[in-house]
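Please open the structure in a viewer and keep the sequence panel in view. The tour proceeds by selection, and each stop states what is to be found there.

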Amino acid sequence: MSTRAMQSVWTPMRRAAQVNTRAIVQRQQKYATEQDAKKQQEADNMIPTWNDYFALRKKRRTFEIASYVPSTVVPAFAAMAYFAEMEIDPFTTIMGMDPVMAAAIGTVGAGFGGFLCGPVVGDLVFKALNSKKVAAMDVRDKIFYEHVKKNRADARLNSIRNPVPDYYGEKILSVSDYRAWLRKQREHYRKGVFGGSADNIDNE
């Protein structure tokens, strides 16, 4: 078969494959859009307003903070009890250290590790007690962080005299907090670019 004949056969097949690929991609995009809309509707039904979302967000934060204490104390006491029951030879060393010193470091390390895990434990407890709203919270979290990402000040304007205020929006616990956060972001931008105040920024 000549080259021209082969091209006449393969060209239509290639075009058909491209059309099919585009159709598949379009269907996948349409399906993803429909799924996102469905999740958004479910989230709106479960958490109707932003005030409801922020109330749950505040509750979750409370669980995370409250979990610091048990997450720190329990591992520390467990490590302390473990080392207290060990038979320690005063003439031996543990990893080159005095046994008492090693036990103290191990106890502190266990407590510190538990401290770092505190927010994770609190989040798990919150999700267990609010299992019906977890999916809706995830959707709202995604939308909220998109708003934060879109409206926060440029980190390149950060300085010692003009630090970025609450870059990740962690302190926002109400709609009024969000509005105040927006103003602080504009204030930061104004100071970083013009060295002035944002009092009249809305009038420009």
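Angles between helix axes from 65 to 115 degrees count as roughly perpendicular, and those under 35 degrees as roughly parallel. The model on display is a predicted one.

**Whole chain**

Begin with a cartoon of the entire protein chain. It contains 6 helices and 0 strands, in the sequence order α-α-α-α-α-α. Switching to a surface representation shows about 14900 Å² of exposed area, of which carbon and sulfur atoms supply 60%. Of the 204 residues, 24% count as buried. Contacts between residues at least 6 apart in sequence may be drawn next; 68% of these join residues at least 24 apart.

**Annotated spans**

Select residues 65–84 and then residues 104–126. An unreviewed UniProt entry annotates both spans as "transmembrane region". Residues 65–84 are 95% helix and 0% strand, with 30 Å between the end C-alpha atoms. For residues 104–126 the figures are 100% helix and 0% strand, and the end C-alpha atoms lie 33 Å apart.

**Helix 2 against helix 5**

Next, select residues 50–66 (helix 2) together with residues 134–151 (helix 5); their axes approach within 11 Å and cross at roughly 100 degrees. That angle falls in the range of 65 to 115 degrees, and the two helices are therefore roughly perpendicular to each other. To display the contact, show side chains for Trp 50, Tyr 53, Phe 54, Leu 56, Arg 57 and Arg 60 on helix 2, and for Met 137, Arg 140, Asp 141, Ile 143, Phe 144 and Tyr 145 on helix 5. Coloured by class, this contact consists of 8 nonpolar and 4 charged residues, with no polar ones.

**Helix 5 against helix 6**

Keep helix 5 and add helix 6, residues 175–193. The axes of helix 5 and helix 6 are 10 Å apart and make an angle of about 25 degrees, which makes the pair roughly parallel. Helix 5 contributes Phe 144, His 147, Val 148 and Asn 151 to the contact, and helix 6 contributes Tyr 178, Trp 181, Leu 182 and Gln 185. Here the classes are 5 nonpolar, 3 polar and no charged residues. Phe 144 is listed in the contact with helix 2 and again in the contact with helix 6.

**The loop between helix 5 and helix 6**

Select Ile 172, which sits in the loop between helix 5 and helix 6. Is Ile 172 buried or exposed? Its relative accessible area is 1%, so Ile 172 is buried. Leaving out residues up to four places away in sequence, Ile 172 touches Phe 54, Arg 57, Phe 144, Asp 166, Asp 177, Tyr 178 and Trp 181. A distance label from Ile 172 to Lys 58 reads 8.7 Å between C-alpha atoms, although 114 residues separate the two along the chain.

One of these partners, Asp 166, belongs to the loop between helix 5 and helix 6. Its phi is near 50 degrees, a positive value in a residue other than glycine.

**Two acidic residues on helix 2 and helix 4**

Move to Glu 64 in helix 2 and Asp 123 in helix 4. Glu 64 has a relative accessible area of 15% and is therefore buried. Asp 123 likewise counts as buried, at 17% relative accessibility. Which residues does Glu 64 contact, apart from neighbours within four places in sequence? They are Gly 118, Pro 119, Gly 122 and Asp 123. Under that exclusion of sequence neighbours, Asp 123 is in contact with Arg 60 and Glu 64.

**Two further loops**

Select Asn 130, in the loop between helix 4 and helix 5. Asn 130 is buried, with 10% relative accessible area. Setting aside neighbours within four places in sequence, its contacts are Leu 56 and Lys 59. The C-alpha atoms of Asn 130 and Arg 60 are separated by 9.7 Å, with the two residues 70 apart along the chain.

Finish at Asp 89, in the loop that joins helix 3 (68–85) and helix 4 (99–129). Its relative accessibility is 36%, so Asp 89 counts as partly exposed. A label from Asp 89 to Pro 99 shows 7.8 Å between C-alpha atoms across 10 residues of sequence.

Methods:
Residues are numbered from 1 along each chain as its sequence is written. This is a predicted model: local features need pLDDT of at least 70, side-chain atom pairs count only at pLDDT 80 or more; totals for chains, interfaces and linings use all residues. Side-chain values use heavy atoms; hydrogens and water are left out. Helices (H or I, at least four residues) and strands (E, at least two) are DSSP runs, numbered from the N terminus. Buried means under 20% relative accessible area, exposed over 50%, partly exposed in between (1.4 Å probe, protein chains only). Contact means heavy atoms within 4.5 Å. Accessible areas come from the Shrake-Rupley method with a 1.4 Å probe; for residues, only the protein chains shown count as cover. Axes are lines fitted to C-alpha atoms, for helices over the stretch in contact, and angles run from 0 to 180 degrees between N-to-C directions. Angles under 35 degrees count as roughly parallel, over 145 as roughly antiparallel, 65 to 115 as roughly perpendicular and the rest as oblique. Ala, Val, Leu, Ile, Met, Phe, Trp, Tyr, Cys and Pro count as nonpolar, Asp, Glu, Lys and Arg as charged, and the others, Gly among them, as polar. UniProt positions are given in the numbering used here, feature names are shortened, and annotations may be inferred rather than shown by experiment.
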